[in-house]
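Colleague: Got a minute to walk me through this one? I'd like to start with what sits inside and what sits outside.

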Amino acid sequence: MTSNAEAVFGFRPKIRRVIIMIQDMLMVLVAVALSLVLSRSDLSFDAFSYQGLIAWAGIVLISHLLFRYCGLYTTIWRFASTPDFFNILKSCAILTVVLYAVSRMFRLIQPVAGLNERQFIVFFLVSFTIISAPRLFYRFLRDGASWGILTLRVDKVQARRALFVGRLGEADLIIRFTRTAEPTDYSIAGIMATERGAPLGTRIQGVPVVASRPRLIDVLEDYAAGTRSIDLLIFGSGVEHEIEEYSELVRVARHGGITVLQFSSLSQLGQEGKIVLDEVEMETILRRPTVPSDIARIGAFVGGKRVLVTGGAGSIGRTLVKRSLELGAGAVLVADNSEFGIFQLSQYVDEKHHDRLKVRIVDVADRRQMTRVVTEFKPDIIFHAAALKHVPLLEENWESAIQTNVFGTLVCAEVAAKCGVPQFLLISSDKAVDPTSVLGITKRAAEQLVSSLHESHAIAPDGRRTGTKFIAVRFGNVFGSNGSVATIFQAQIEAGGPVTITDRRMTRYFMTVAEAVDLVIMAAADAQSRNGKDDYAIYMLDMGKPVPILEVAETMIRLAGKTPYADIPIRFTGIRPGEKLHETLQGANEEIITLDIAKIFGLRTDVVAWPTVQAALAALQAAMKSQDKASALAVLAQLHLPETPAPDTRQETGPRTVGQAG
């Protein structure tokens, strides 16, 4: 049926416009005739006489010029809306007034019987109706809503029924696009309006408004109980920030077996008539507010650049890769030692960007490999995201942690300087602050490496930097990363429990991966233009307030339609070696500097001189060669401030339970 409509209306634009003009002129003539017939007028002259034909021609000419002037032929009627039909109403009203004025002047010259105001009122009503009708019918055909009315379709029966939760204006848009989808995957059966006091029982494109605040939860519980079958619950964009009932609505829906999705954004419409829906993520459930990205600034920074991402197959790394490609990077190279991770990355990145994506399977601690990669690719910036990050595992595998997190950073930084890479950025961690774990102390050492190089590398007499700009960006946990609490808890819940938490008092900072990556790029853009006393080696992201891990677990269990402690047990295993109850983002001797960028701070901290760093690294290599963990950690402690307590080097005793990632 859609193809038939396309065939009828698929003329070239200029030809289609001419046809519409001719149609309107004919409709005006029909409107004149109908107005005379309906008002039972008996004109004193013959309509087909010489005078009558001149009158018809004059009416056609006046109407055509007026309609062109009012813009009736500049509208794309497939997308016509209320203002466009109001324009027709206005045009017909003006035409009626003009014709009435002309007739009055003509009757001063020659009286005409059977012509009065009644005919012009009828003409206005008839002309608006018959000129609007073809356009409305065309819109009806192209809209897609007609096919469900005019035909019986098999896929309509199979389409999943959905409730939409959001603003009424957005509901109108969602309904329209769900109806144009081919095939129809789902249909909106009801609207739950987030506006208070929305008129219940009214309809938008035939879909009823079934609920409004504050009774959203009560109505959804009725649907979830099975009294009215619903398969999907679709949230509008931004609803999680607008209503306090959001988390409870998700819980009720999932408990009733209803799939929960979220309309991603208006900017993603238009993909062959379909809307884009995303799974509801933990970061939206926990309602952590995010900061809108300065797309113009980070786009101008990344656009056209050659970007190298170490650890590009990891959680942060692959998002950096994808975001750089989206922002228009000239080319992006991924350096990672995980073959499977690189394969997964190719599935994660949009196919249209694959021609600008390059991958290399390398060990970041291998100087020969990294030198070849950097020399051949010639990057403008290196995002060093490669690191080992699992707290309990690194307590035993301390050599691998030091090799990757410390010497891997050293190799990449020195290669960047040797090859003249303009900028090097280290992805750091809040665990580098007052570290009590192997992970923390190695990430702190990596920060000191970068800070020392930042202070000592290629400083000209005038204070301006002529070589590589070294910076680090420090932030906390991200949702959805490999080994994060969200992924671990989800697996435990799906297995029926128990969910394991080390301590009920434990808290962590959380941020979405997308937000963290945009802020990292923003920090790099800011650092590019800084010199002198306002040039910061370490940037820190504002993570908001720390979130209790127990709250995360309980929320995820409820959202799975289960009851904490009853359906899914929660077991407390005790703090594991290296873990802290609470992380901090700022050390005791560090000063936070407020910048003119939302959610990003500069950090002033004491820096260890580069000769001292080199001496410590030589001693560290000797300790690793003799496999002396205590000595290796003691050497790394030399890179700390005097007030910073040395890490706990006690060997772990007792069994270790894999649960929440520290």
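Modeller: Sure. Buried means under 20% relative accessible area, exposed means over 50%, and partly exposed is in between. Keep in mind that this is a predicted model.

Colleague: Fine. How many of the 16 residues of H21 are buried?

Modeller: 14 of the 16. So helix H21 is largely enclosed by the rest of the structure.

Colleague: What span should H21 have, and how far apart are its end C-alpha atoms?

Modeller: Helix H21 covers residues 513–528. At 1.5 Å a residue, the helix should span 22 Å. Its end C-alpha atoms are 23 Å apart, which agrees.

Colleague: Switching to charges. How many salt bridges are there in the whole structure?

Modeller: A search finds 19.

Colleague: Pick one. What does Arg213 pair with?

Modeller: Glu245. The closest N and O atoms are 3.7 Å apart. This pair links distant parts of the chain, with the two positions 32 residues apart. Arg213 is in strand S4, residues 207–213. Glu245 is in the loop between helix H10 (239–242) and helix H11 (246–255).

Colleague: Is Arg213 buried or exposed? And Glu245, buried or exposed?

Modeller: Arg213 is buried, with a relative accessible area of 11%. Glu245 is at 10%, so Glu245 counts as buried too.

Colleague: What about the peptide bond from Arg213 to Pro214?

Modeller: That bond is cis, with omega near 10°. Pro214 sits in the loop between S4 and helix H9 (216–224).

Colleague: And what joins Gly497 and Pro498?

Modeller: A cis peptide bond, with omega about 0°. Pro498 is in a loop as well, between helix H20 (485–494) and strand S15 (499–501).

Colleague: Back to salt bridges. Where do Arg444 and Glu447 lie?

Modeller: Both are in helix H19, residues 438–456. They are 3 residues apart, about one turn of the helix. They form a salt bridge, and the closest N and O atoms are 2.8 Å apart.

Colleague: What's the relative accessibility of Arg444? And of Glu447?

Modeller: Arg444 is at 5%, so Arg444 counts as buried. Glu447 has a relative accessible area of 0% and is buried.

Colleague: Which residue does Glu583 meet in a salt bridge?

Modeller: Arg508, at 4.0 Å from N to O. Glu583 and Arg508 are 75 residues apart and link distant parts of the chain. Glu583 is in the loop between strand S20 (570–572) and strand S21 (591–594). Arg508 is in strand S16, residues 507–508.

Colleague: Buried or exposed, those two?

Modeller: Both Glu583 and Arg508 are buried.

Colleague: Which residues are in their network?

Modeller: Asp430, Lys431, Arg508, Lys580 and Glu583. Salt bridges with shared partners join them into one network.

Colleague: Now the outside. Which residues form the positive surface patch?

Modeller: Lys358, Arg360, Arg368 and Arg372. Strand S10 (357–361) and helix H16 (367–377) each give two or more residues to that patch.

Colleague: Where is Lys358, and why can a patch include it?

Modeller: Lys358 is in strand S10. Its relative accessible area is 35%, which makes Lys358 partly exposed. Patch residues need over 30%, so Lys358 clears that cut-off.

Colleague: What makes up the nonpolar surface patch?

Modeller: Val18, Ile22 and Leu26, with a patch area of about 260 Å². Val18 is placed in helix H2, residues 13–38. With a relative accessible area of 44%, Val18 is partly exposed.

Colleague: Last topic, backbone angles. What is phi for Lys378?

Modeller: About 55°, so to speak on the positive side, although Lys378 is not a glycine. Lys378 lies in the loop between H16 and strand S11 (381–384). Lys378 is exposed, at 58% relative accessible area.

Colleague: And phi of Lys599?

Modeller: Near 70°, again a positive value in a residue other than glycine. Lys599 is in the loop between S21 and strand S22 (600–604). At 23% relative accessibility, Lys599 counts as partly exposed.

Colleague: Great, that covers my list.

Key
Residues numbered from 1 in each chain as written. Predicted model: local features only at pLDDT ≥ 70, side-chain atom pairs only at ≥ 80, totals over all residues. Heavy atoms only, no water. Patch = residues over 30% accessible without salt bridge, like charges linked within 9 Å, V, L, I, M, F, W, Y side chains within 5 Å. Areas by Shrake-Rupley, 256 points an atom, 1.4 Å probe, with all protein chains shown as cover. Salt bridge = Lys/Arg side-chain N within 4 Å of Asp/Glu carboxyl O. Lys, Arg positive; Asp, Glu negative; His and termini not counted. Charge placed at Lys NZ, Arg CZ, Asp CG, Glu CD. Helix = DSSP H or I, 4+ residues; strand = E, 2+ residues; numbered from the N terminus. Buried < 20%, exposed > 50% of the residue type's maximum accessible area, 1.4 Å probe, protein only. Expected span 1.5 Å × (residues − 1).
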